[in-house]
Amino acid sequence: MTENKMVISVDAMGGDNSPRVVIEGLALAAKEHPDIRFIVFGDTAKVNPIFQQFPILEKVCELRHSPEMVHNEDKPSSVIRNRNTSMFMAIDAVRKGEAQAVVSAGNTGALMAISKLTLKTITKIHRPAIVSIMPHRFGKYVMLDLGANTECDAINLVEFAFMGNIVARNSLDIKRPRVALLNIGSEEMKGKEEIKQAAQMIKNSKLDMDFIGYIEPHDISNGVADVIVADGFTGNIALKSIEGTAKQLTRMIKDCIKSSILAKIGVLFMIPAMMKLKKTMDPRQYNGAMFVGLNGLSVKSHGGADAYSFSKAVGNAANLVRNNFVSTIRDEIEKVDLDELQAVLYDVY
């Protein structure tokens, strides 16, 4: 590997259609990001035949054999300390400083557990979260947690809000992001107790944050907030609902176009607008959720990603490395007195 190049480690065996989709995705990413080098971990007997089909990868990839892999049905507790899996070895390359980020489409729970065990959580952060960037009517927004923590207390939600605020500032270039807690209503008395507690903590703290209160699910796509905060259970359901709706709309539009000759003729005049809409709504464009709050960069691709989608996850990881994402989070967290937030909670309740 060339020392002055960015290096990303890759779990070639993670995902529904690995290792083919992963290798094909790396070939696409290599074309788009010529400054990246890869360390690819996987079963060489399965990876090599596919690898040889893409000459572009020969100069930018180092293939390392891993005798085992993490399966989708594996429980995190059963694989977390198995150092022979492609997932563990890929994450460990970041810990060792051999790579600046890891990308995997494998088991989400295992990836989070191994990443947390290996890379450790940033001091002052109780739990890392899964965060992703999504499109709304007027641009993009940050949403977290998307599945790492199914149950969260008020402190966790406040930490998510703080980290999401940093992500939006650095990744979306928004000077003062609008931060909101996802809730079933906008009234102060609505929602679970931990959500109401988190809102009061933020309001009564000295955090430099533009907190706008609660946001309801139907307002997510309207650009009301730049950062949307939820526990992992709620956030994951919201994410999958949004993705499912986007796919359904695409199918409905295609069905309408096929319904009559006039519709087919009319769509000819709408091709530029339709292509723009398709690109904006395509969930593959936004693949690559990051685990925020760790002392290392770990990026999760959709398990069912195709090659194009996986390449976007790699590109997302690369952009985070270029923006020194982990060190930025760490430096800003150091400035915050999270013990004071806990004191605020006791004062309010």
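Here is a friendly exchange about strands and cysteines in this predicted model.

Biologist: Let's start with strand 10: which residue there is the bridge partner of Val 131?

Modeller: Happy to begin there. Strand 5 (residues 129–136) and strand 10 run antiparallel and are joined by 3 bridges. Within strand 10, Val 131 is partnered by Met 290.

Biologist: And which way does Met 290 point, along with which other residue of strand 10?

Modeller: In a regular strand, side chains alternate between the two faces of the sheet. Strand 10 covers residues 289–292, and Ala 289 and Phe 291 point one way, with all four residues buried. Pointing the other way together with Met 290 is Val 292.

Biologist: Nice. Which residue in the hairpin of strand 10 and strand 11 takes a positive phi?

Modeller: Strand 11 (residues 297–300) runs antiparallel to strand 10, with 2 bridges between them, and Ala 289 has Lys 300 as its bridge partner. The hairpin leaves 4 residues between the strands. The one with a positive phi, near 110°, is Gly 293.

Biologist: Over to strand 2 and strand 3: what is the handedness of the crossover between them?

Modeller: Strand 2 (residues 36–42) and strand 3 (residues 61–65) run parallel, joined by 5 bridges. The chain passes from strand 2 through helix 2 (residues 44–51) to strand 3, and this β-α-β crossover is right-handed.

Biologist: Last one: how many disulfides does the count give?

Modeller: A pair of cysteine sulfur atoms has to lie within 2.5 Å to count. Cys 61 is buried at 12% relative accessible area, and Cys 152 is buried at 9%. By that distance rule, the number of disulfides is 0.

Terms used
Residues are numbered from 1 along each chain as its sequence is written. This is a predicted model: local features need pLDDT of at least 70, side-chain atom pairs count only at pLDDT 80 or more; totals for chains, interfaces and linings use all residues. Side-chain values use heavy atoms; hydrogens and water are left out. Buried means under 20% relative accessible area, exposed over 50%, partly exposed in between (1.4 Å probe, protein chains only). Two strands pair if DSSP finds at least two bridges between them. A crossover is right-handed if, with the strands pointing away from the viewer, the path from the first strand over the helix to the second runs clockwise.
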